[in-house]
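Hi everyone, thanks for making time this morning. I'd like to walk you through one structure, going from the whole chain down to single side chains.

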Amino acid sequence: MTIRVLIADDQMMVREGFSVLLNAMPDIEVVGEAVNGREAVERVRELAPDVVLMDIRMPELNGIEATREIVAADGAAKVLVLTTFDLDEYVYQALRAGASGFLLKDASARQLAEGVRVVASGEALLAPSVTKRLITEFSRLAEAPRMMPSARAAYGELTERETEVLVLIAQGLSNAEIAERLVVAESTIKTHVSRILVKLGLRDRTQAAVFAYEARLVTPG
């Protein structure tokens with residue numbers, strides 16, 4: 001199936017560059033562009049893309065608020081945040097708003113395409129080289145823990161093994177790595193992850209990782 005992508009960025013060169021790179025992939029199609037957050041929300045409603053490449057700093061409505069509105073609309077679109085710096089102070093906020101991951105604007109064509117594929121498949125883009133550091137740093141800088149109400153109420157329903165898996169997700173491990181660590185089948189870990197997301201009312205692994213830090217299951221550092 002072809003992955004439909006919307007690119008939201010106020011810089012024309014960025015939009016055009018990413019469009020060329022992604023349209024060169026046989027399984028990806030750029031179906032639209034947006035020059036600000038407000039237009040991004042409207043275009044998502046019109047075009048129903050699978051993935052939105054979302055810049056954070058845009059006029060009229062920034063990428064964080066646009067992400068929040070897109071996720072709140074409960075559509076199928078996944079948001080992949082674009083940033084110039086791997087420690088952009090706003091990226092953590094975007095993850096809390098419901099983004100499924102982030103990607104640096106200097107990513108290679110291969111990394112860009114793979115990032116789109118990962119997010120479209122329903123996984124979170126937790127790049128080992130930077131994502132763990134980012135979540136750790138900004139959970140340290142964030143305000144007092146703000147666990148989502150639905151998650152707070154359901155937290156006690158997690159089994160000991162599910163809590164263990166949640167901690168490993170927050171540490172940036174993939175399903176295969178968690179399975180190896182716990183000496184179980186990868187399919188078993190996938191089942192645990194699905195149950196964790198359902199019980200906590202979370203959208204994906206990224207929200208699960210953020211939750212684990214905010215619940216202090218994992219301590220920054």
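I'll start with the ground rules, then take the overall figures, one strand and its partners, and finally the salt bridges.

This is a predicted model, so please keep the confidence filters in mind: local features need pLDDT of at least 70, side-chain atom pairs count only at pLDDT 80 or more, and totals for chains, interfaces and linings use all residues. Residues are numbered from 1 along each chain as its sequence is written, and side-chain values use heavy atoms, with hydrogens and water left out.

Now the overview. The chain has 11 helices and five strands; here helices are DSSP runs of H or I with at least four residues, strands are runs of E with at least two, and numbering goes from the N terminus. Of the 221 residues in the chain, 50% are buried. For burial, I'm using relative accessible area with a 1.4 Å probe and protein chains only: buried is under 20%, exposed is over 50%, and partly exposed lies in between. The accessible surface of the chain comes to about 10,300 Å², and 52% of that belongs to carbon and sulfur atoms. Those areas come from the Shrake-Rupley method with a 1.4 Å probe, and for residues only the protein chains shown count as cover.

What about contacts, meaning heavy atoms within 4.5 Å? Take those between residues at least 6 apart in sequence: 69% of them join residues at least 24 apart.

Let's look at strand β1, residues 3-8. Five of its six residues are buried, so β1 is largely enclosed by the rest of the structure. Which strands does β1 pair with, given that pairing takes at least two DSSP bridges? One partner is β2, residues 28-34, running parallel to β1 and joined to it by six bridges. In that pairing, Ile3 stands opposite Ile28. Another is β3, residues 51-55, also parallel to β1, with four bridges between them. There, Ala8 faces Met54.

There is a connection to point out as well: β1, helix α1 (residues 12-23) and β2 make a right-handed β-α-β unit. Right-handed here means that, with the strands pointing away from the viewer, the path from the first strand over the helix to the second runs clockwise.

On to the charged side chains. How many salt bridges does a search of the whole structure find? The count is 10, taking a salt bridge as a side-chain nitrogen of Lys or Arg within 4 Å of a carboxyl oxygen of Asp or Glu.

One of them joins Arg38 and Glu69, with the closest N and O atoms 3.0 Å apart. This pair links distant parts of the chain, since Arg38 sits in helix α2 (residues 37-47) and Glu69 in helix α3 (residues 63-72), 31 residues apart. Arg38 is partly exposed at 31% relative accessibility, and Glu69 is partly exposed at 31% too.

Within α3, Arg68 and Glu65 meet at 2.7 Å, N to O. They are three residues apart in that helix, so about one helical turn separates them. Arg68 is partly exposed at 36%, as is Glu65 at 33%.

Helix α5, residues 109-120, holds Glu114 and Arg117, three residues apart, about one turn of the helix. Their salt bridge has its closest N and O atoms 3.7 Å apart. Glu114 is partly exposed at 38%, and Arg117 at 25%. Elsewhere, Asp9, Asp55 and Lys105 form one network through salt bridges that share partners.

That's my tour; I'm happy to take questions.

Key
Contact means heavy atoms within 4.5 Å. Two strands pair if DSSP finds at least two bridges between them.
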